[in-house]
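Please look at the structure below with some patience, following one helix at a time and asking which residues it touches.

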Amino acid sequence: MKAITLLGSTGSIGTQTLDIVSEHPDKFRIVGLAAGRNVDLFAAQIRQFRPQIAAISAAEKLPELKEAIKDLNPQPILLAGEAGVIEVARYGDAQTVVTGIVGCAGLLPTIAAIEAGKDIALANKETLIAGAPVVLPLVKKHGVKLLPADSEHSAIFQCLQGVPKDGLRKILLTASGGAFRDWPVEKLAEVKVADALKHPNWSMGRKITVDSATLMNKGLEVIEAHYLFGVDYDNIEIVIHPQSIIHSLIELQDTSVLAQLGWPDMRLPLLYALSWPERIYTNWERLNLVKSGDLTFREPDHQKYPCMQLAYAAGRAGGSMPAVLNAANEQVVALFLEEKIQFLDIPKCIEFVCDRHQHDNKQNPSLDDILAADKWARQEVFTATEKLATQPQIISVG
């Protein structure tokens, strides 16, 4: 059995990973679990999967967690806070660590797991986007595997199996278009939080669902694809594919195009990241092309999705700029979810913060540089929102 540690066990990625472990108890076992603050669900997971070690990020919830599993025998090692999550990431004989923590909070635990010699099933795109200048050299140094566990990059990775070196010419990332793909751009000024959270195809967490509505998720995936597969930004294209049946495509040097298809189900890329290079039989619903119907494609509307171009610009700038973009996006989406800013303010604030970072962009950032840029960008978002409230004419997406 493959030994697995799961970071972010109570989130969407985490619960679906545990569904896979439940379905294949002969293939996988859990060594460690880490969660955010959902004590009830986390306690139930600890009871079911009996990890050797568990950590809850919200340190104030540790007494409640201890109480919830006090009758469990044997007791797991129980830790709390960021340090606790990091310890879970590096602990024991786990061969693979699934990084399902949302946002840049996953960076330090991922680094700890890599330094402990564990393979990474990467479901947290922000870790690589912000930390690639540090993470990729560590992956090489420690000889571990970094396997994509989100649908788009898993699709690319699957298509690349058997492709000769230098055979890849172009990557085509498919995007559902999010909650507003069929809205006229003029109507976006009316968007409420509830509107942005109505994803037409996927069931995901709140933050990534908003990212899908702005198409920032796809912009971030462009940066991640650049780092994962070594493809120039000019050769990474985004295509709107409303049905979400084709999860991404690759074009080869001879113009052949390979695609990976399947129903929208995050378990499939997660399973492949855990089982690669094997293929494990499942009883999941099989794709029926007649049932799926027409598959359609269109170019993304740059006026509707300005975040996409902001991501391309940050990726091309390189250095610490992607970390700033990522942190600014996380902070501004949090403000939108708290109904403190409007939907159309999201790209305006991100652009403002990235512009302010241009003169301080470090091309070869250390981990400390990345963490400092992340912290600065989050604070700078509040400067942007203040400017937006008092001088809206100086903040506009060009």
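In this predicted model, helix α14 meets helix α16 through A323, V324, A327, A328, E330, Q331, V332 and L335, and the residues on the α16 side are I370, A373, D374, W376, A377, R378, V381, F382 and T385. Sorted by class, this contact consists of 12 nonpolar, two polar and three charged residues. The axes of α14, which covers residues 321-337, and α16, which covers residues 367-390, come within 8 Å and cross at roughly 45 degrees. An angle from 35 up to 65 degrees falls in the oblique range, and α14 and α16 are therefore oblique to each other. Their crossing is right-handed.

Helix α14 also packs with helix α15, residues 345-357, at an angle of about 150 degrees and with the axes 9 Å apart. This crossing, too, is right-handed. Here M321, V324, L325, A328, N329, V332 and F336 of α14 meet D345, I346, C349, I350, V353, C354 and H357 of α15, and the residues of the contact divide into 11 nonpolar, two polar and one charged.

Turning to another part of the chain, helix α10 spans residues 216-229, and its 14 residues reach 20 Å from the first C-alpha to the last, close to the 20 Å expected at 1.5 Å a residue. How many of the residues of α10 are buried? The helix is mostly covered, with 12 of its 14 residues buried, among them M216, L220, V222, I223, Y227 and F229, as well as the residues K218, E221 and E224. Just after α10 comes G230, which takes a positive phi of about 70 degrees.

Definitions and conventions:
Residues are numbered from 1 along each chain as its sequence is written. This is a predicted model: local features need pLDDT of at least 70, side-chain atom pairs count only at pLDDT 80 or more; totals for chains, interfaces and linings use all residues. Side-chain values use heavy atoms; hydrogens and water are left out. Axes are lines fitted to C-alpha atoms, for helices over the stretch in contact, and angles run from 0 to 180 degrees between N-to-C directions. Helices (H or I, at least four residues) and strands (E, at least two) are DSSP runs, numbered from the N terminus. Angles under 35 degrees count as roughly parallel, over 145 as roughly antiparallel, 65 to 115 as roughly perpendicular and the rest as oblique. A crossing is left-handed if the near helix is turned anticlockwise from the far one by less than a right angle, and right-handed if clockwise. Contact means heavy atoms within 4.5 Å. Ala, Val, Leu, Ile, Met, Phe, Trp, Tyr, Cys and Pro count as nonpolar, Asp, Glu, Lys and Arg as charged, and the others, Gly among them, as polar. The expected span of a helix is 1.5 Å times one less than its number of residues. Buried means under 20% relative accessible area, exposed over 50%, partly exposed in between (1.4 Å probe, protein chains only).
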